[in-house]
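Biologist: I'm new to this one, so could you walk me through it? I'll ask, you answer.

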Amino acid sequence: MKLKQLEGLLGDLEQFSNPKVELEQYPTGPHIASRMLFTAENSYGDITDKVVADFGCGCGTLSAAAALLDAASVIGFDIDPQSLETATLNAEELEVEIDFVQCDITKLELKGQIVNTVVMNPPFGTRKKGADMEFLSAAMKVASDAVYSLHKTSTREHIKRAALRDFNAKSAEVLCELRYDLPKLYKFHKRKEVDIAVDLWRFEPRQN
């Protein structure tokens, strides 16, 4: 599938109708989501025929992208049942198979389940300090091959140090810097939209 085609399909998905600020729910736009998954597959072969997990999947944009790129199976995890309802409808609309699981990522224990690749757009940790690191820690325990994650560019050094020192990463690499177009979703947002610089990371876990 070509990048433009993937972006077009993701652009038709439903997003949060009533986003919850405490969960830092922001939609992963089709531009970023398509490039993230397209890069994971075309540069590293980490999606097609792999078991892919989407942590904090929200309305399922990254999950859908993985399924459209022929992942062997896709599992989307989120704590919010409303988001998972929307994600399920999105999967049905695209006619792709995705398993959605309601759970708290920080308490996730997968017994006997092999996950090759984790993809995620975690909370940036502005509402709950350290939420981004909790997600990264959980992802590194689950993925056997790679973790792809978006983090604020301003946290780059901190992320790299923590991944290599604390989360058992063999490598931590910024693949590119992207502009995250943040629409005005919440009452406290003053401007109509804001551009935030984010890094697309690829982490490789050490094989234990």
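Biologist: Let's start with the strands: in which sense do strand β2 and strand β3 pair?

Modeller: Keep in mind that this is a predicted model. Strand β2 covers residues 73-78 and strand β3 covers residues 99-102. Four bridges join the two, and the sense of the pairing is parallel.

Biologist: And which hand does the β-α-β crossover from β2 to β3 have?

Modeller: One spot where you can see the pairing is F77, which sits opposite V101 in β3. From β2 the chain runs through α4 before it gets to β3. That β-α-β crossover is right-handed.

Biologist: How far apart in space are the C-alpha atoms of F100 and G76?

Modeller: F100 belongs to strand β3. Setting aside neighbours within four places in sequence, F100 has contacts that include C57, S63, G76 and L84. F100 and G76 are 24 residues apart along the chain, yet their C-alpha atoms are separated by 4.7 Å.

Biologist: Is S83 buried or exposed?

Modeller: You'll find S83 in helix α4, residues 81-94. Between S83 and Q102 there are 9.7 Å from C-alpha to C-alpha, with their positions 19 residues apart in sequence. The cut-off for calling a residue buried is under 20% relative accessible area. S83 has a relative accessible area of 2%, so it counts as buried.

Biologist: How many of the eight residues of helix α3 are buried?

Modeller: Helix α3 spans residues 61-68 and is mostly covered. Among its buried residues are T61, L62, S63 and L68. After α3 comes D70, with a positive phi near 65°. As for the helix, the number of buried residues is eight of eight.

Biologist: On to charges. How many salt bridges does a search of the whole structure find?

Modeller: Side chains with opposite charges can pair if their charged atoms come close. One example here is R156 with E177, at 3.5 Å from N to O. That pair links distant parts of the chain, helix α6 (residues 156-165) and strand β6 (residues 169-183). For the whole structure, the search gives 10 salt bridges.

Biologist: K4 and E7 form a salt bridge, so which of the two counts as buried, and why?

Modeller: Both K4 and E7 lie in helix α1 (residues 3-10), three residues apart, or about one turn of the helix. Their closest N and O atoms are 4.0 Å apart. K4 has 64% relative accessibility, so K4 counts as exposed. With 18% relative accessibility, the one that counts as buried is E7.

Biologist: Which residue forms a salt bridge with D145?

Modeller: D145 sits in strand β5 (residues 143-152), and its partner is in the loop between α2 (30-44) and β1 (51-55). The two are 95 residues apart, a link between distant parts of the chain. D145 is partly exposed, with a relative accessible area of 24%. At 3.6 Å between the closest N and O atoms, the partner is K50.

Biologist: Which residues are linked with R202 in a network of salt bridges?

Modeller: R202 lies in strand β7, residues 193-205. At 10% relative accessibility, R202 counts as buried. The R202 side chain makes a polar contact with the side chain of D46 at 3.0 Å. The residues linked with R202 in the network are D46, K170 and E204.

Biologist: Which tyrosine side chain makes a polar contact with the side chain of R202?

Modeller: Leaving out residues up to four places away in sequence, R202 touches ten residues that include Y44, D145, S171 and L175. Y148 is also among the residues that R202 touches. At 2.9 Å, the side chain in polar contact with that of R202 is Y148.

Biologist: Last one: over which residues does pLDDT stay under 50?

Modeller: The protein averages a pLDDT of 86, and 82% of the residues score at least 70. Where pLDDT is low, the predicted coordinates should not be read in detail. The model does have 20 contacts beyond four places in sequence for the stretch you're asking about. The stretch with pLDDT under 50 is residues 184-191.

Methods
Residues numbered from 1 in each chain as written. Predicted model: local features only at pLDDT ≥ 70, side-chain atom pairs only at ≥ 80, totals over all residues. Heavy atoms only, no water. Salt bridge = Lys/Arg side-chain N within 4 Å of Asp/Glu carboxyl O. Buried < 20%, exposed > 50% of the residue type's maximum accessible area, 1.4 Å probe, protein only. Polar contact = N/O pair within 3.5 Å; in protein donor to acceptor, adjacent residues only side chain to side chain. Contact = heavy atoms within 4.5 Å. pLDDT = per-residue confidence, 0-100. Pairing = 2+ DSSP bridges. Right-handed = clockwise from strand over helix to strand, strands pointing away.
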